[in-house]
Amino acid sequence: TVIMSFLELLKETVLNIEQQKYIDRISTSANKLKRLIDDSLAFVSAETGLTKISKQKVSSKELLNALVE
């Protein structure tokens, strides 16, 4: 998240088109890496029994609305 914060600061500076493309690529890669790490940690937690799953009633309409937002 530190790298992503620095990227946000860089985006606020004056950049030429080539620099902006590099920042966008780095930002996209950083977000993908963060998701991969988060997913890996969630998987490990589930595999080791650290995550508890419980049944809950969910409104499909509310769920879809939340996904759209």
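**View 1. S45 in helix 2.** Here we zoom in on S45, a residue of helix 2 in this predicted model. S45 has a relative accessibility of 22%, so it counts as partly exposed; the cut-off for buried is under 20%. Now look for L15: it sits 30 residues from S45 along the chain, and the two C-alpha atoms are separated by 41 Å.

**View 2. The K34–D38 salt bridge in helix 2.** In this close-up the side chains of K34 and D38 meet, with 3.0 Å from N to O. Both partners belong to helix 2 and are four residues apart, about one turn of the helix. How accessible is each partner, K34 and D38? K34 comes in at 34% relative accessibility, so it counts as partly exposed. D38 is partly exposed too, with 36%.

**View 3. A nonpolar patch on the surface.** Four residues make this one: L33, L36, I37 and L41. Together they give a nonpolar surface patch of about 390 Å². I37 is a handy residue to start from, and it is found in helix 2, which runs over residues 17-47. Is I37 buried, partly exposed or exposed? Its relative accessibility is 42%, so I37 counts as partly exposed. That value fits the patch rule, because patch residues need over 30% relative accessible area.

**View 4. The E8–K11 salt bridge in helix 1.** Next up is a pair from helix 1: E8 and K11 form a salt bridge, and their closest N and O atoms are 3.6 Å apart. That sits inside the limit, because a salt bridge here needs the nitrogen within 4 Å of a carboxyl oxygen. Why are E8 and K11 separated by about one helical turn? They are three residues apart in helix 1. E8 is partly exposed, with a relative accessible area of 43%. K11 is also partly exposed, at 30%. How many salt bridges does the structure hold? There are two, with E8 and K11 forming one of them and K34 and D38 forming another.

**View 5. S5 in helix 1, with I26 for reference.** S5 is found in helix 1, which covers residues 2-11. With 43% relative accessibility, S5 counts as partly exposed. How far from S5 is I26, in sequence and in space? They are 21 residues apart in sequence, and 12 Å lies between their C-alpha atoms.

**View 6. Pulling back to the whole chain.** Let's zoom out for context. The protein has three helices and zero strands, and from the N terminus on its elements run α-α-α. Its radius of gyration is 18 Å, well over the 11 Å that the globule rule gives for 69 residues, so the protein is more spread out than a compact globule. The C-alpha trace spans about 50 × 35 × 15 Å along the principal axes. Of the 69 residues, 6% are buried.

**View 7. Surface and charges.** One last look, this time at what the protein shows on the outside. About 6600 Å² is exposed, and carbon and sulfur atoms supply 61% of that area. As for charges, count 10 positive and 9 negative side chains. The centres of the positive and negative sets lie 7 Å apart.

Note on methods
Residues are numbered from 1 along each chain as its sequence is written. This is a predicted model: local features need pLDDT of at least 70, side-chain atom pairs count only at pLDDT 80 or more; totals for chains, interfaces and linings use all residues. Side-chain values use heavy atoms; hydrogens and water are left out. Patches are made of residues with over 30% relative accessible area and no salt bridge: like charges are joined within 9 Å, nonpolar side chains (Val, Leu, Ile, Met, Phe, Trp, Tyr) within 5 Å. Accessible areas come from the Shrake-Rupley method with a 1.4 Å probe; for residues, only the protein chains shown count as cover. Helices (H or I, at least four residues) and strands (E, at least two) are DSSP runs, numbered from the N terminus. Buried means under 20% relative accessible area, exposed over 50%, partly exposed in between (1.4 Å probe, protein chains only). The radius of gyration is taken over C-alpha atoms; the globule rule is 2.2 Å times the number of residues to the power 0.38. Lys and Arg count as positive and Asp and Glu as negative; His and the chain ends are not counted. The place of a charge is taken as NZ of Lys, CZ of Arg, CG of Asp or CD of Glu.
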